[in-house]
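Please read this short report alongside the sequence and the structure shown below. It treats a pair of helices and then a sheet.

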Amino acid sequence: MTTMIDSQLVKDQNDAAKAALDYDYDALGTQLARRGLDIEQLTARAQQFAVAIPSWGVGTGGTRFARFPGIGEPRNIIDKLEDCSVIQQLSQATPTVSLHIPWDTPKDPTELKQFAESLGLGFDAMNSNTFQDQVDQAHTYKYGSLSAANQAAREQAVEHNIEVIELGKKLGSKALTVWVGDGSNFPGQQDFTRGFSRYLESTKAIYEALPEDWNMLLEHKIFEPAFYSTVIQDWGSSYLAAKEIGERCKSLVDLGHHAPNVNIEMIVARLAQFGKLGGFHFNDSKYGDDDLDSGSINPYQLFLVFNELVEEELRNESFAPFYMLDQSHNVTDPIESLMYSAAEVQRAFIKALVVDRCGLHGFQENNDPMMAQATLKAAYNLEVEPILQMARLRSGGAINPLATYRASCYRQQCGEKRPAVKGASSGIV
Ligand SMILES: [Mn+2]
C-alpha cells in the first residue's frame with residue numbers, strides 16, 4: 001500500500017508521544033473501571049469507527065461567494081484521493097471517500113478503484129448533482145430537476161442519477177445520496193403538491209435502477225438556493241418520500257440543514273424508530289448551512305445525536321447508517337480540518353458509549369430530570385482523548401494527527417507539484 005507520508009516520520013512522532021499516552025491511558029482506564037467500563041472495549045469500538053470523507057471537502061478555498069485558492073490544492077480526483085489517503089493514514093477513521101458526480105467523474109472507473117485501493121481507500125455513497133447545469137446539458141435545472149415542470153428536465157435528471165448508480169457499482173459503492181435544490185423563491189411560483197408528486201415519480205424511477213444491496217439516501221435542506229419553498233425541505237418531507245419510494249430508500253440528516261435551534265437529536269430518534277435513518281452529513285454551524293468543522297460550534301449537540309444512535313444500536317443490531325463528513329470553507333487546510341472533524345465525530349461516539357444507560361433509563365422512568373441530564377453530562381464531560389489516541393496508534397495512524405501532518409510538510413510539497421489552477425470548480429452541498 002502506498003502511503004503519502006513517510007511511515008518512519010509517523011513512527012518517530014508516535015514514539016515521542018507514547019510515554020505520555022500510556023500514562024494518560026492508564027489513568028483513564030482506572031477512572032472508567034470505577035464506572036464499570038472496560039477501556040479496551042471502548043478503544044476497540046473507536047478503532048472500528050469510520051466516517052467517509054467528501055471528495056469536495058479536500059478542495060481549498062471554496063465559499064458560496066468566492067474562491068481564495070490555497071497552496072497545493074487538489075486539481076482533480078487523483079489529487080483529491082491522495083489528500084484523502086493522508087487523512088486516513090493519520091486519523092485511521094476515514095477509510096472511504098464519497099464522490100460527487102460529475103465533479104469527480106473518472107475517465108476509467110476500474111483504474112480509479114485500483115488507484116484508491118493502492119492508497120488504502122474505498123468508496124462510500126455516491127452523490128448526484130442536478131442543482132447546477134453542466135456544459136452541453138440539453139435541459140436547464142434553473143426551475144428544478146427531479147420535480148421540474150418540464151418533463152425533459154426531469155427525465156434528464158433521472159438519467160443522470162442512474163448513470164451515477166452505474167458508476168458507483170463499478171467503484172464498489174453501496175449508496176446513492178440525492179439532494180436537489182428544487183424549490184421556489186416566491187409564493188405562488190410553484191404548486192407544492194404537484195412539485196412533490198413529480199419528485200416522487202422521478203425518484204421512484206431512480207429507485208428502480210438501484211441494486212438490491214444499495215440504499216438510496218434523501219438529503220433534506222431547509223432552504224437555499226430556493227428561499228421561499230424547497231421540495232425536500234425538512235425531515236417530514238424526506239420521511240414521506242422515503243416511505244413512498246421503497247424499503248431501501250431512507251433519509252439522510254445533514255446537521256447544517258435545519259433552522260437554528262431545531263432539536264436535531266429528536267429528528268434522529270424519530271427517523272431511527274421507524275427504520276428510515278439512512279445516514280449523516282456531519283458538520284457544524286452557527287447560523288445556517290455553514291459547513292463548518294464537526295463539533296466546532298456545538299459539540300454537545302453532536303454528542304446528543306450519538307447518544308440517540310447508541311440507543312438505537314442497542315435496540316436494533318442491524319442498524320448501520322452511512323456516516324459522512326460534509327464541510328468546506330476557506331480558512332483552514334482542509335486535510336487538517338477533516339482529520340480534526342473525523343476525530344470529533346469519533347469522540348462524540350465514544351462519549352455516548354460511556355453514558356450510564358441503565359442509570360439514565362432509570363432516571364427517565366422515575367422522572368428525575370436533574371439526575372438524567374447529569375448522567376449525560378458525566379459522559380460528555382469526560383476527557384476520552386487517550387482512547388482516540390490509542391485507537392489511532394494501534395491502527396497504524398498518528399497519536400497526534402495535526403502535529404505529525406505539519407511535521408511532514410505535505411502541503412508545502414503539494415504546493416510544489418500542483419501549480420495553482422485559476423477558476424477551478426468547487427462546490428458545497
Ligand atoms: Mn450535505
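How are α1 and α14 oriented to each other?

## Two packed helices

The model is predicted. Two packed helices are described by the angle between their axes and the distance between the axes. Helix α1 covers residues 7-34 and helix α14 covers residues 401-408. Their axes are 10 Å apart, and the packing angle is about 135°. An angle over 145 degrees would count as roughly antiparallel, and 65 to 115 as roughly perpendicular; an angle outside these ranges that is not under 35 degrees counts as oblique. The helices α1 and α14 are therefore oblique to each other.

The crossing of α1 with α14 is right-handed. On the side of α1, the contact involves L9, V10 and Q13. These meet A403, T404, A407 and S408, which belong to α14. By residue type, the contact of α1 with α14 holds four nonpolar and three polar residues, and no charged ones.

## The sheet

Strands of a sheet pair through backbone hydrogen bonds, either parallel or antiparallel. In this model, six strands form an open sheet with parallel pairing. Their order across the sheet is β4-β5-β7-β9-β10-β11. Strand β4 (126-127) and strand β11 (322-325) are the edges, as each pairs on one side only.

## Strand β7 and its neighbours

Strand β7 spans residues 215-219, and four bridges join it to the parallel strand β5, residues 175-178. Within this pairing, A175 stands opposite N215, and V178 has L218 as its bridge partner. Strand β7 is also joined to β9 by four bridges, and these two strands run parallel as well. Here E219 of β7 is opposite L252 of β9.

A helix also lies on this part of the sheet: α7, residues 235-245, lies across β7 and β9. The angle between α7 and β9 (249-254) is about 160°.

## Buried or exposed?

Is strand β7 largely enclosed or exposed? Five of its five residues are buried, so β7 is largely enclosed by the rest of the structure.

In a regular strand the side chains alternate between the two faces of the sheet. In β7, N215, L217 and E219 point one way, while M216 and L218 point the other way. The residues pointing in either direction are all buried.

Terms used
Residues numbered from 1 in each chain as written. Predicted model: local features only at pLDDT ≥ 70, side-chain atom pairs only at ≥ 80, totals over all residues. Pairing = 2+ DSSP bridges. Contact = placed C-beta atoms within 7 Å. Axes fitted to C-alpha atoms, helices over the stretch in contact; angles between N-to-C directions. Left-handed = near helix turned anticlockwise from the far one by under 90°. Nonpolar A, V, L, I, M, F, W, Y, C, P; charged D, E, K, R; others polar. Buried ≥ 20, exposed ≤ 12 C-beta atoms within 10 Å, placed from the backbone.
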